[in-house]
Amino acid sequence: MNDTLWTDHLPPDDADFLALVASAIAELPEPFATHAKAVAVQVVDFAPDAMLQELDIDDPFELTGLYDGTPLPEKLGEQVLGPDTIWLFRRPILDEWVARGDIPLGHLVAHVYLHELAHHFGWSDGDIAQVAPWMD
């Protein structure tokens with residue numbers, strides 16, 4: 001992953017984050033890569049207030065990503081009403097990256113993205129480490 005997509009001391013913008021996500025998608029093994037291409041990715045600075053309220057989160061820095069959609073196992077026989085979307089929240093990810101100081105930004109962006117993608121596959125947080133150790 002290329003962590004040098006920006007120059008000077010400016011934080012990466014949304015396009016830079018999307019480039020880091022594209023790099024993470026390019027490294028996915030099949031069949032995950034095919035499914036990942038069907039999930040939209042949105043990068044915004046913070047989760048919208050309505051989303052934070054729905055999740056009962058007071059501090060917008062607590063949410064780095066969110067999967068919004070119907071997990072694959074639940075789609076069988078159901079009419080899907082909207083596109084699946086992975087939301088990445090740039091400012092909280094940057095805040096965590098700076099606070100940790102021990103991993104490249106591209107690795108953290110990929111980790112948050114892959115965690116949310118795992119929810120698309122219907123995996124719980126506990127399943128992720130067991131089913132897909134390559135996600136860490």
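**Entry 1. Helix 5 and its cover**

I looked first at what lies over the buried residues of helix 5, and the cover includes helix 1, strand 1, strand 3 and helix 6. I note here that the model is a predicted one. The buried residues of helix 5 (90-100) are R90, P92, I93 and L94. Just after this helix, I found G101 with a positive phi of about 65°.

**Entry 2. The sheet**

I then traced the strands. Three of them form an open sheet in the order 1-3-2, and the pairing is mixed. Strand 1 and strand 2 (65-68) are the edge strands, each pairing on one side only. From one strand to the next, the twist averages 20°.

I looked up each pairing in turn. Strand 1 and strand 3 run parallel and are joined by 5 bridges; within this pair, V41 stands opposite I86 of strand 3. Strand 2 and strand 3 run antiparallel and are joined by 4 bridges; here D68 has T85, in strand 3, as its bridge partner. Helix 5 packs on this sheet, where it touches strand 1 and strand 3, and its direction makes about 55° with that of strand 3.

Which side chains of strand 1 are buried? I found that V41 and V43 point to one face and are buried, whereas A40, Q42 and V44 point to the other face and are not.

**Entry 3. Nonpolar cores**

I next examined the largest nonpolar core, which has 30 residues; L88, I93, V109, Y113 and L117 touch the most other members. Two or more residues come from each of helix 1 (14-26), helix 2 (32-36), strand 1 (40-44), strand 3 (85-89), helix 5 and helix 6 (105-120). Which element gives the most to this core? It is helix 6, with 9 residues.

I listed the contacts of L88, leaving aside residues up to four places away in sequence: L88 touches V21, V41, Q42, V43, V44, T64, G65, I93, V109, V112 and Y113. Another core, of 8 residues, lies apart from the largest one, and its members include L52, L66, W87 and F89.

**Entry 4. H120**

I turned to H120, which is found in helix 6. Is H120 buried or exposed? H120 counts as buried because its relative accessible area is 2%, under the 20% cut-off. The side chain of H120 makes a polar contact with the side chain of Y67, at 3.0 Å. Leaving out residues up to four places away in sequence, I recorded that H120 touches H35, V39, Y67, T70, P71, L72, P73, K75 and D84.

**Entry 5. Salt bridges**

I counted the salt bridges and found 3 in the structure. One of them joins the side chains of D45 and R90, at 2.9 Å from N to O. This pair links distant parts of the chain, 45 residues apart: D45 lies in the loop between strand 1 and helix 3, and R90 in helix 5. I compared their accessibility: D45 is partly exposed at 33%, while R90 is buried, with a relative accessible area of 12%.

R100 forms a salt bridge with E96, and the closest N and O atoms are 3.5 Å apart. Both residues lie in helix 5, 4 residues apart, about one turn of the helix. I noted R100 as partly exposed, with a relative accessible area of 42%, and E96 as partly exposed, at 28%.

R100 also forms a salt bridge with D102, where the closest N and O atoms are 3.4 Å apart. D102 counts as exposed, at 54% relative accessibility. Through shared partners, these salt bridges join E96, R100 and D102 into one network.

**Entry 6. Backbone details in the loops**

I finished with two loop positions. Where does P31 lie? P31 is in the loop between helix 1 and helix 2, and the peptide bond from E30 to P31 is cis, with omega near 5°.

The second position is D56, in the loop between helix 3 (49-54) and strand 2. I found a positive phi of about 60° at D56, although this residue is not a glycine. Is D56 buried or exposed? D56 counts as exposed because its relative accessible area is 66%, over the 50% cut-off.

Note on methods. Residues numbered from 1 in each chain as written. Predicted model: local features only at pLDDT ≥ 70, side-chain atom pairs only at ≥ 80, totals over all residues. Heavy atoms only, no water. Core = buried A, V, L, I, M, F, W, Y, C linked by side-chain atoms within 4.5 Å. Buried < 20%, exposed > 50% of the residue type's maximum accessible area, 1.4 Å probe, protein only. Contact = heavy atoms within 4.5 Å. Pairing = 2+ DSSP bridges. Axes fitted to C-alpha atoms, helices over the stretch in contact; angles between N-to-C directions. Polar contact = N/O pair within 3.5 Å; in protein donor to acceptor, adjacent residues only side chain to side chain. Salt bridge = Lys/Arg side-chain N within 4 Å of Asp/Glu carboxyl O.
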